[in-house]
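This report describes how two protein chains are arranged and joined, and then turns to backbone geometry. The sequence and structure are shown first.

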Number of protein chains: 2
Amino acid sequence: MGDNQTLDTIFSRASYRGKYKNEPVSREDLTTILKAGIAAPSGCNRQTASFIAVDDEGVLKEIKEMFPNPSCQTAPAFILVFTQEIAGIDGRFYNVQDYGAAMENMMLAIKSLGYDTCWYEGNVKKCAEQISTLLHVPEELHMACLLPVGIAAEEVCPAKGKKPFEERAWFNGYGMQ
Amino acid sequence: MGDNQTLDTIFSRASYRGKYKNEPVSREDLTTILKAGIAAPSGCNRQTASFIAVDDEGVLKEIKEMFPNPSCQTAPAFILVFTQEIAGIDGRFYNVQDYGAAMENMMLAIKSLGYDTCWYEGNVKKCAEQISTLLHVPEELHMACLLPVGIAAEEVCPAKGKKPFEERAWFNGYGMQ
């Protein structure tokens, strides 16, 4: 590692749930983050993930009313992620994998540009319909998750509570190191 | 961008389906790739994804018999990804998202270390049980996907057939740029 910035980004990324500084995220950086999401692979190239970046004051205000936590309340921008259930050539659905990969790409892009974020999903479901109506999203796109984006105003702590390597990764057979 | 290696890796990564050079992937690099998988976030921190790297000649030979394509036939190493269905605190399952994010982290780590790979999933299902038996994997872990890892012996082409930005990403409302 050392001079491998990609690995540094992967290993320094952590879920940030604190407040954000009152500084905007430039449209250029938001565009780069969205392009990172698009750059992720997708099952059978179905490209089932799509994205809406929010940086408009009025729209931000409406979304913040749905997410009362300090992090979302102070975020200067959001990325909303939508998924579409399109079967692959084998009839299977890979849309969850697709947005999972796109989320990781965007979180790493966010980190590499000097911002922080956290993957919100479980508490997004109850507002999904409201957000889709607000943003005129067609019904075949389902809101899956959300990323607040901004400069962290508090300390960004390393990822906590990770199981040791030996409990999750092995060589040439289960349990083998 | 320019001096942002993380973005360069994200934007240069592409699914590689060609042959690999007959050069090994060091155990150190395999370990780094596995650590990148572990470094991905997981829903409610359930850490449902786990990994087996394969670099043993005998095990490689057995796995190659299941995947007759030129890429897998020539790969000097594989990463096998397993998933476990553990509910989050909200009773929902995020294990597919979890391995989706872990896969992207590993693919970027692979690219940043000078190797190439491709996400194999659909054609893995039929061999999942056979591989689990071969590697003594407990039945609660389900094989989800596989990454061959090695140095590309052929040209690595940029990702093809991507929809334009405007069809997948918008600002402050569906369809808006």
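At roughly what angle do the axes of helix α1 of chain A and helix α2 of chain B cross, and within what distance do they come? The model under discussion is predicted. In it, the axes of α1 (residues 5-12) of chain A and α2 (residues 27-39) of chain B cross at roughly 35 degrees and come within 9 Å. Two packed helices are described by the angle between their axes and the distance between the axes. The crossing of α1(A) and α2(B) is left-handed. On the side of α1(A), the residues in contact are Leu7(A), Ile10(A) and Phe11(A); α2(B) contributes Thr32(B), Lys35(B), Ala36(B) and Ala39(B). By class, the residues of this contact of α1(A) with α2(B) comprise 5 nonpolar, 1 polar and 1 charged.

**Relation of the chains**

Two copies of a chain are related by a rotation about an axis and a shift along it. Here, a turn of 180 degrees with a shift of 0.0 Å along the axis lays chain B on chain A with an RMSD of 0.0 Å. This relation is therefore that of a two-fold axis. Both copies use the same surface, since 100% of the contact residues of chain B recur in chain A.

**Extent of the interface**

The size of an interface is often given as the accessible area lost when the parts come together. Between them, chain B and chain A bury about 6,100 Å², and 59% of this area lies on carbon and sulfur atoms. The contact involves 70 residues from chain B and 70 residues from chain A. Within chain B, the residues that lose the most area to chain A are Gln47(B), Arg168(B) and Asn172(B); together they account for 13% of what that side buries.

**Positive phi values**

Most residues other than glycine have a negative phi. Two residues of chain B with positive phi are set out below.

| Residue | Phi | Place in chain B | Relative accessibility |
|---|---|---|---|
| His136(B) | near 55 degrees | loop between α6 (128-134) and β3 (142-149) | 62% |
| Asn172(B) | about 65 degrees | segment after β4 (169-171) | 12% |

Is His136(B) buried or exposed? His136(B) is exposed, because its relative accessible area is 62% and the cut-off for exposed is over 50%. Asn172(B), by contrast, counts as buried at 12% relative accessibility, the cut-off being under 20%. Asn172(B) is also one of the residues of chain B that lose the most area to chain A.

Methods
Residues are numbered from 1 along each chain as its sequence is written. Chains are lettered from A and ligands numbered from 1 in the order in which they are written. This is a predicted model: local features need pLDDT of at least 70, side-chain atom pairs count only at pLDDT 80 or more; totals for chains, interfaces and linings use all residues. Side-chain values use heavy atoms; hydrogens and water are left out. Axes are lines fitted to C-alpha atoms, for helices over the stretch in contact, and angles run from 0 to 180 degrees between N-to-C directions. Helices (H or I, at least four residues) and strands (E, at least two) are DSSP runs, numbered from the N terminus. A crossing is left-handed if the near helix is turned anticlockwise from the far one by less than a right angle, and right-handed if clockwise. Contact means heavy atoms within 4.5 Å. Ala, Val, Leu, Ile, Met, Phe, Trp, Tyr, Cys and Pro count as nonpolar, Asp, Glu, Lys and Arg as charged, and the others, Gly among them, as polar. Copies are superposed by least squares on the C-alpha atoms of residues with pLDDT of at least 70 in both. Buried means under 20% relative accessible area, exposed over 50%, partly exposed in between (1.4 Å probe, protein chains only). Buried area is the accessible area (1.4 Å probe) that two parts lose on being put together, summed over both.
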